[in-house]
Amino acid sequence: VDETFDWVEKGAVTEVKNQGMCGSCWAFSTTGNIEGAWFKATGDLVSLSEQELVDCDQKDSGCNGGLMDQAFEEVIRIGGLETEQQYPYDGVQETCNFEKSLSKVQIDDFMDIGEDEEEIAEALEEHGPLSIAINAFGMQFYRGGISHPLSFLCSQDGLDHGVLMVGYGVEHHTTWRHRHPRPYWKIKNSWGPRWGEDGYYRVARGKGVCGVNKMVSTSIVN
Ligand SMILES: CCC[C@@H](/C=C/S(=O)(=O)c1ccccc1)NC(=O)[C@H](Cc1ccccc1)NC(=O)N1CCC(N2CCOCC2)CC1
C-alpha cells in the first residue's frame, strides 16, 4: 500500500450529508459504500437514497438503528436504490414508496473484510470506500486532527456508529514532541459538512483504535 490514498480525490465520494435527528447513520454508511462501488464499476458518481433504506429496509430499524450488512441484503431484496433526488431524505421514517422503474443502481452481493489493517487498506483500494462501524466516543467534541483515544475510553467492543472509510495517510511531524510518523484513516461522517474536518474524521491507523477494524464490509457491483 502507498503512503496516502483518498477516494475523495478520485471522485468516488458524494458530498457530506447530514442525518439530522434520526439514528440513520447505518443508512448513510450503506449508501456511501454503494455510491463508491457503483463509481468503480461504471465511472458514474450518483448520490443514493438513505430515505429508501429508512422507509423500506425491513431488517433494520429506521431512525432507531441498523446494520450495514443487513442493509446490503435488503438492497438486493428490494431490487436496488433510487437516487437522492428521486427519493429525498427527510429524516423521519415513512411508508416505503420505492419505485423499481426509477432505481438505476443495483448491487450483486456484499462481503465482510478481515480485521488486519493492512488487509483493510488493500480492500479499500480494491473495492472503494468501505462501510465500517466504530465506537463514536469523543466524536461529538472532535474539532480536527488525528483522534487517538485510549482503548479503555473507546473500546472496540462498543461499536455504536456506522460511517464510511474513504482513505488513509500518514502525518509526519518534525517538532520535538512528535518524532514518529502518525498513520491515520480518513472517514466520512454523516453529521454535515460543518462537523470535524469539512465533515470528515481522522482516526489513528494500525492499532484497532475505537474498533475501526472490527466490522468492515462492502457491497459488490459486478
Ligand atoms: C439509535 C441508532 C443510532 C445509530 C447512529 C446514530 S448517530 O447519530 O450517528 C450517533 C452514533 C454514535 C454516537 C452519537 C450519535 N446507530 C446505529 O444505527 C448503529 C450502527 C452500528 C452499530 C454497531 C455496529 C454496526 C452498526 N446500529 C444500532 O444502533 N443497532 C444495530 C441494529 C439493531 N437492530 C435491532 C432490531 O433487530 C435488528 C438489529 C438496532 C441497534
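Analyst: Helices are DSSP runs of H or I with at least four residues and strands are DSSP runs of E with at least two, both numbered from the N terminus. This is a predicted model, in which local features need pLDDT of at least 70 and side-chain atom pairs count only at pLDDT 80 or more, while totals for chains, interfaces and linings use all residues. Residues are numbered from 1 along each chain as its sequence is written, and side-chain values use heavy atoms, with hydrogens and water left out.

User: Which residue follows H1, and what is the sign of its phi?

Analyst: Gly43 comes after H1, with a positive phi near 85°.

User: How far apart are the end C-alpha atoms of H1, and what span should its 18 residues have?

Analyst: The expected span of a helix is 1.5 Å times one less than its number of residues. For H1 this should give 26 Å, which agrees with the end C-alpha atoms, because they are 26 Å apart.

User: How many residues of H1 are buried?

Analyst: A residue is buried under 20% relative accessible area, exposed over 50% and partly exposed in between, using a 1.4 Å probe and protein chains only. In H1, 15 of the 18 residues are buried, so that the helix is mostly covered.

User: Which residues come nearest to the ligand, and which of their atoms are involved in polar contacts?

Analyst: A residue counts as near if one of its heavy atoms lies within 4 Å, and a polar contact is a pair of N or O atoms within 3.5 Å. Of the 20 residues around the ligand, Gln19, Cys25, Gly65, Gly66 and His161 come nearest. A side-chain N or O atom of Gln19 is 2.9 Å from a ligand oxygen, a polar backbone atom of Gly66 is 2.9 Å from a ligand nitrogen, and a polar side-chain atom of His161 lies 3.1 Å from a ligand oxygen.

User: Which elements give two or more residues to the shell around the ligand?

Analyst: They are helix H1 (25–42) and strand S5 (161–171).

User: Which strands pair with S8, and in which sense?

Analyst: Two strands pair if DSSP finds at least two bridges between them. S2 (residues 109–113) pairs with S8 in the antiparallel sense over five bridges, with Ile113 opposite Val216. S3 (residues 130–134) also pairs with S8 in the antiparallel sense, over two bridges, and Ser131 has Ser217 as its bridge partner. In S8 (residues 216–220), five of the five residues are buried; Val216, Thr218 and Ile220 point one way, and Ser217 and Ser219 the other.

Definitions and conventions. Polar contact = N/O pair within 3.5 Å; in protein donor to acceptor, adjacent residues only side chain to side chain.
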